[in-house]
Each structure stands twice: as structure tokens, then as C-alpha cells.
Amino acid sequence: MADLVGKTILHYRIIEQVGQGGMGVVYKAEDTKLERTVAIKFLPRQITVNSEERERFKIEAKAAASLNHPNIATIHAIEEVDAEMFIVMEYIEGKELHEIVGARGPVPLPDVVDYAAQIASGLQAAHKKGITHRDIKSANIMITAEDQVKIMDFGLAKMRGGVKFTKVGTTLGTAAYMSPEQARGEEADERADLWSLGVVLYEMLTGKMPFPGDYEQAVMYAIMNEEPEPVSVSRSETPEALQQIVDKSLLKSLQQRYQNIDEMLTNLREVGNHLDTGKTRPSMQTKTSRRPPVLVYGGLAAVVALVVLIGISFFPKQSESIDSIAVLPLDNLSGDTEQDIFTAGMHEALITELSKISALRTISRTSVMRYKETMKSIPEIAKELDVDAVVEGSVLRSGDKVRITVQLIGTDPERHLWAQTFDRDLVDVLALHSEVARQIADEIQIKVTQDEESQLRNAVAVKTEAYENYLLGRHYLRIRLGSENL
């Protein structure tokens, strides 16, 4: 396409080119009729002569124009002149999320959750109208100066039930953000958008991609066959609940992944609410409240300083002591209820390993199981069980691979002390139990004797079938289904 800067097409005066991609060239322009700044997107001429691509472009315009949501770029019009087709949309002042991550690396946690929730909210509106974006990526996400998210480019969108213009075996979307089904050239539905949003989440949290590769084929192979490095490896302070959202978004099985955006958005908002509790709240002082005179503030400051000095001089610093712990039931993230028995076995084994440490009082499995579906808070549970700390966690099994994520929570007051994700082959599951127990012991600085250390390290490889039969037997023993099952 010839340089259009400075030219007027219909009643749009082209100001500058602001972007270019596989599905079009974007210009900043002035709508001289309505006297407003807009963005207009053209298809390259070599594509407009292709009837299939023209139809896809029309679908983009019609699909996006039907959406009215604060987190989706507004479409004003679709125009055609001299065999050129273009979309007129709102012009957004801001930066691509891709630029933000590239410039500063990992994004602050509150912003990560906020941006992801806004993207999910926009997708929720699209999905309710049967529209799948199919090309969610950080370069298609604009962030305004007010931190408002705008989803751009429904160029690969396809109405549910509409005509399929993509030939079987071809792929649409940017490789690094593609879902496994897209990488295989299969039909993609809303769950592909959830996968792509999971990739964007991972990118914001770590500053890198979950499936890296030097060329497109390597990336697509990794998407279909490999597991991403846990977020916690790059960012240990990531809340376990947020790690779980990423994990569930990037499950290769369509049936095990998030099934709809509503569920994912709910989870993101729950994490956001939890993060908000740690933020500084604005003053609740009203206009009618009295403010102490400056002299009083100064006097209070002097008193506080004196007290601090006295405390430092006469009282030794007390280190935090944790000598009792409860391991709450672990969550099964696989989405497969058949893995509930495996997850329960992991929970029981972790309690067993921690119980080997005589200096640590570990609450029995029987006592903690009543909190499996509870709505009680961590401090409430800790008070009832009379423990200093609580362990929460999740298990994700995929074939012969297993991932366990655990976090240690102090209870008086409630505070996050430590979190880590462990990835192992199933044959090393016994060693995994011991490793998690040792890590927890290290974090709380509990004394472990030489004999106990030896017991924790004395783990052998298992035969997968034998281990699963063992867990099944333990399950039947617990629920007393009868000797025929044993």
C-alpha cells in the first residue's frame, strides 16, 4: 500500500501510521465530519483481492461492531473506496501490553490481576454474543493512561455458527499464544481465548513466554507436548491461587481447561480482592471530623520514638516460632474427578512426612478433612486446630507428570510466609513428598534430627501402576466399602 499519510480518504484525513500486522495496517486519522480522532485499519491490497480474506475482514468488522463494552475497542464504521476496505474505530491513547512488559519486565501483581480481569470482562461480553477473538495476545491489548484495558483486533474473530473461511489444517493466531487445538489446525472455540489469556497472564507475571522457541515450529511443538516452567520459579511471591489460574488456563485438554470465561473471571476477582486487603486504604476521615493540631502530632511522634528506643534497648528481638502445623486438603486441578483419589493420597503422604519430625506437631488427616469444603477463614481454622501455621496447596497430574504447589500461611495475624511449586515425574512421587516436607521444615526453622533427616531422604522410585493401586486400596480402606474392594 502506498504511503497514505497526509491524504484524505472519504472524510478521513490520515495523520500517521501507528501499527501494522498480518491482518492490516492501522493509521491515526481525523474524522473531518465529526471532528474527532479515529484509528482506521486497512487490509493490504494483496489480501483484498482475495475473496476469502475480504470475507474474513467483513466478519471482523461485523463481529466487533456488535460489541459495546468498555474493555473492547469501539468500531464506528466499515468503509470501502477504490477497492480498499477499512474499519474506522476509536483511537486509543496508550501502550500495548507487550510494550509495557518489554520495557519493565514482570508487571506488579495488583496490575497483573487487574489487567487480566479487564481482559476477561471484555471477552465475557464477546463470548456471550457467540464471538471468539482467536488472537488474544499482549500486542492486541492496549493499556490507557488510566490503566483501562482495551482489546483490539477482532481480525481473526469468528461468529459461532457462522461460515468457516479457514481451510482444515491451517492455523490462525500468533504462534506463541495459540492453544494446542489451534496449533493442530483444528476448530477453535471460546476455550482457545482462555488459553491465550493464560499465556498473557504468564507473560505479565514472569516477563517471558511459557512456551519459548527459536522458531515457530518449535514453539508449536512445545505448546502441544511440553509443560511450562511454574510461574513461582521466576516469581516466588506469586499467590498460589493465581498460579492455579495460570495452570488451569494452560491445560492442554479442552475438557480439563476452564470451560467458560465466567469461571475464570470469578477466580481472578477473588485473587484481586485478596490482594486488595494488603493495600493501603484511603483515609476514611470525613469533613466534619476534627484534626489534632500539629503540636499534638509532634508530641505523639516524640512519644512513639521514645517508646521504640526503650523497646530496642530493653527487649531482645523475638524470632517467629512455629512448632505446630495443619495441612489442609489439597485441591485437584486436573479437572478429572478420577484424580481425586490421587490428590487425597498426596495430601495424606505430606502429612505423614511432616509427622516424622518430632519437634513439629502436625494435625492428623482425620482432623483436617472436615475443612475440605469449609467457608471458614484461615485464622478460624488455625484457632480451632490450635496451630501456628497452615499449609494450603494443589495437585495437578498430567500423564506421568505431577505438580504440587504449596504455600505456608502464618495465622496470627494471617500472612503469607512462603510458596513453591514442585514438578516431578510420577516415579519420583515419594521423593516429592519428602522434599516438600523438608522445604517446609527449613522455612519454619524447625529442628530436624539426623535420624529424621535420613527418613525424609529415604525415598525410592515407584512403579506407577503399583502406586495407584496402593492409593486406591487406601481409599477403599478409608470409606469402608467392603472386603471385596480391598
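Start by selecting helices H6 and H9, which are oblique to each other, a word for angles that are not under 35 degrees (roughly parallel), over 145 (roughly antiparallel) or 65 to 115 (roughly perpendicular). H6 covers residues 190–206, and its axis comes within 8 Å of that of H9, crossing at roughly 140 degrees. Axes here are lines fitted to C-alpha atoms, for helices over the stretch in contact, with angles from 0 to 180 degrees between N-to-C directions. Helices (H or I, at least four residues) and strands (E, at least two) are DSSP runs numbered from the N terminus.

Before you go further, keep in mind that this is a predicted model, where local features need pLDDT of at least 70, side-chain atom pairs count only at pLDDT 80 or more, and totals for chains, interfaces and linings use all residues. Residues are numbered from 1 along each chain as its sequence is written, and side-chain values use heavy atoms, with hydrogens and water left out.

**Stop 1: the H6 and H9 crossing**

Turn the pair in your viewer: the crossing of H6 and H9 is left-handed, which is the term when the near helix is turned anticlockwise from the far one by less than a right angle, clockwise being right-handed. Now show side chains. On H6, the contact (heavy atoms within 4.5 Å) is made by Leu-194, Trp-195, Gly-198, Leu-201, Tyr-202 and Leu-205, and on H9 by Leu-242, Ile-245, Val-246 and Ser-249. Coloured by class, the contact of H6 with H9 shows eight nonpolar residues, two polar and no charged. In this scheme Ala, Val, Leu, Ile, Met, Phe, Trp, Tyr, Cys and Pro count as nonpolar, Asp, Glu, Lys and Arg as charged, and the others, Gly among them, as polar.

An α-helix has 3.6 residues a turn, so residues three or four places apart point the same way.

Stay on H9, residues 240–249, for a moment: how many of its ten residues are buried? Eight are, and the helix is mostly covered. Buried means under 20% relative accessible area, exposed over 50% and partly exposed in between, with a 1.4 Å probe and protein chains only. Select Glu-240, Leu-242, Gln-243, Gln-244, Ile-245, Val-246, Asp-247 and Ser-249 to see the buried residues of H9.

**Stop 2: the H12 and H15 crossing**

Next, select H12 (residues 340–355) and H15 (residues 429–444), whose axes come within 9 Å and cross at roughly 50 degrees. H12 and H15 are therefore oblique to each other, and their crossing is right-handed. H12 brings Met-346, Ala-349, Leu-350, Glu-353 and Leu-354 to the contact, while H15 brings Val-429, Leu-432, His-433, Ser-434, Val-436, Ala-437 and Ile-440. By class, there are nine nonpolar, two polar and one charged residues in the contact of H12 with H15.

**Stop 3: two loop residues with positive phi**

From H15, move on to Gln-445, in the loop between H15 and helix H16 (450–457). Its phi is near 55 degrees, a positive value in a residue other than glycine. Gln-445 is exposed, at a relative accessible area of 70%.

Then jump to Glu-35, in the loop between strand E3 (24–31) and strand E4 (36–42). Glu-35 is not a glycine, yet its phi is positive at about 55 degrees. Is Glu-35 buried or exposed? With 68% relative accessible area, Glu-35 is exposed.

Most residues other than glycine have a negative phi, and most peptide bonds are trans.

**Stop 4: Leu-396, Lys-401 and Pro-379**

Select Leu-396 in strand E15 (residues 389–398). Leu-396 counts as buried, at 10% relative accessibility. Add Leu-333: the two are 63 residues apart in sequence, yet 5.0 Å apart in space, C-alpha to C-alpha.

Now pick Lys-401 in strand E16 (residues 401–411), which is partly exposed at 46% relative accessible area. Not counting residues up to four places away in sequence, Lys-401 touches Leu-396, Arg-424 and Asp-425. The C-alpha atoms of Lys-401 and Asp-423, 22 residues apart along the chain, are separated by 7.4 Å.

Finish this stop at Pro-379 in helix H14 (residues 378–385), partly exposed at 31% relative accessibility. Leaving aside neighbours within four places in sequence, Pro-379 is in contact with Thr-411 and Glu-414.

**Last stop: zoom out**

Show the whole chain, with its 17 helices and 17 strands. Of the 486 residues, 46% are buried.
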